[in-house]
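Colleague: I would like a close look at a single part of this model. Please start from the whole and then work inwards.

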Amino acid sequence: IRITDLIPGAESIGIYLREVTVAMARQPWLDRFGCVLRGVTLLRTEDGLWWVRDREGCVLPLSMGDYWDLLAVSGGSPVDLAGEWNGDALLPLGVLANGAYRSIGEQR
């Protein structure tokens, strides 16, 4: 069994956001949602903002911060990213890259 088979996650941002919508319909007072996004790529725009992009080209903004370490771990390749979505931005907490999980939330 590969570690990637052990960590469940959404295959796209659209699927994940549909899951958030269902959760909010059941419990509208929720304001944070854990997630694992599979196969996302880290992006940085010219204005210094960070994003993750899925295989379909959909993007979510990352919370304010520098994510050069996350980019280095990913090597620019798709990774599985664990985080917390607050409806505005995704706070990265960990990444699965090259068969190993690395916590990144403790550094922030």
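What percentage of the 108 residues in the protein chain is made up of buried residues? After that, please take me through the open sheet of six strands.

Modeller: A caution before the details: this is a predicted model. Buried residues make up 35% of the 108 residues in the protein chain. The chain holds three helices and six strands. Along the sequence they follow the pattern α-α-β-β-β-α-β-β-β. Consider the contacts in the chain with a separation of 6 or more: residues 24 or more positions apart account for 51% of them.

Now the sheet. Its six strands are arranged in the order β3-β2-β1-β4-β5-β6, the sheet is open, and the pairing is antiparallel. β3 (59–61) and β6 (100–103) are at the edges. Each of these two has a single partner strand, so one side of each has no neighbour in the sheet. On average, neighbouring strands are turned by 40° against each other, direction ignored. Helix α2, residues 13–26, lies across β1, β2, β3 and β4. Its direction makes an angle of about 150° with β1.

Let us walk across the sheet, beginning with β3. Three bridges join β3 to β2, and the two run antiparallel. One point of reference is W51, which stands opposite P61 in β3. β2 and β3 form a hairpin with five residues between them. In that turn G57 has a positive phi of about 95°.

β2 (50–53) comes next. This strand has two faces: W50 and V52 are on the covered one, W51 and R53 on the uncovered one. So where does W50 stand in terms of exposure? W50 is at 3% relative accessibility, under the 20% limit, and therefore counts as buried. Leaving aside neighbours within four places in sequence, W50 is in contact with ten residues' worth of surroundings listed here in full: L42, L43, R44, P61, L62, G65, D66, Y67, W68 and L71. G65 deserves a second look. The C-alpha atoms of W50 and G65 are 8.1 Å apart, although 15 residues separate the two along the chain. A polar atom of the W50 side chain lies 3.4 Å from the backbone oxygen of G65.

From β2 we step to β1 (33–44). These two strands pair in the antiparallel sense over four bridges. T41 has R53 as its bridge partner in β2. β1 and β2 also form a hairpin, with five residues between them. G48, in the turn, has a positive phi of about 90°.

Next in the strand order, after β1, is β4. D80 has its place in this strand. With a relative accessible area of 11%, under the 20% limit, D80 is buried, so this acidic side chain's polar surroundings are worth checking. A polar atom of the D80 side chain lies 3.0 Å from the backbone nitrogen of G39. On the β5 side, the bridge partner of D80 is L96.

There is also a cavity to place. The structure holds one cavity of 30 Å³ or more. The largest cavity has a volume of about 30 Å³. Its lining is V40, T41, L42, V52, L70, V79 and L81. β1 and β4 each supply at least two of these residues. The largest share, three residues, comes from β1. Some of the lining has already appeared on our walk. T41 is the bridge partner of R53, V52 is on the covered face of β2, and L42 is among the contacts of W50.

The walk ends with β5 and β6. β4 (residues 79–85) and β5 (residues 90–97) pair in the antiparallel sense over six bridges. β5 is then joined to β6 by four bridges, and these two strands run antiparallel as well. Here V95 stands opposite R102 in β6. The hairpin of β5 and β6 has two residues between the strands. In this hairpin N98 takes a positive phi near 55°.

To put the sheet back together: the order is β3-β2-β1-β4-β5-β6, and α2 lies across β1, β2, β3 and β4. Two buried residues stand out in this account. W50, in β2, has a side-chain polar atom 3.4 Å from the backbone oxygen of G65. D80, in β4, has a side-chain polar atom 3.0 Å from the backbone nitrogen of G39.

Conventions. Residues numbered from 1 in each chain as written. Predicted model: local features only at pLDDT ≥ 70, side-chain atom pairs only at ≥ 80, totals over all residues. Heavy atoms only, no water. Pairing = 2+ DSSP bridges. Axes fitted to C-alpha atoms, helices over the stretch in contact; angles between N-to-C directions. Contact = heavy atoms within 4.5 Å. Buried < 20%, exposed > 50% of the residue type's maximum accessible area, 1.4 Å probe, protein only. Polar contact = N/O pair within 3.5 Å; in protein donor to acceptor, adjacent residues only side chain to side chain. 1 Å grid on protein atoms, 1.4 Å probe; cavity = no way out; pocket = protein on both sides within 12 Å on 5 of 7 lines; lining within 4 Å. Points joined across faces, edges and corners; volume = space filled by probe spheres on them.
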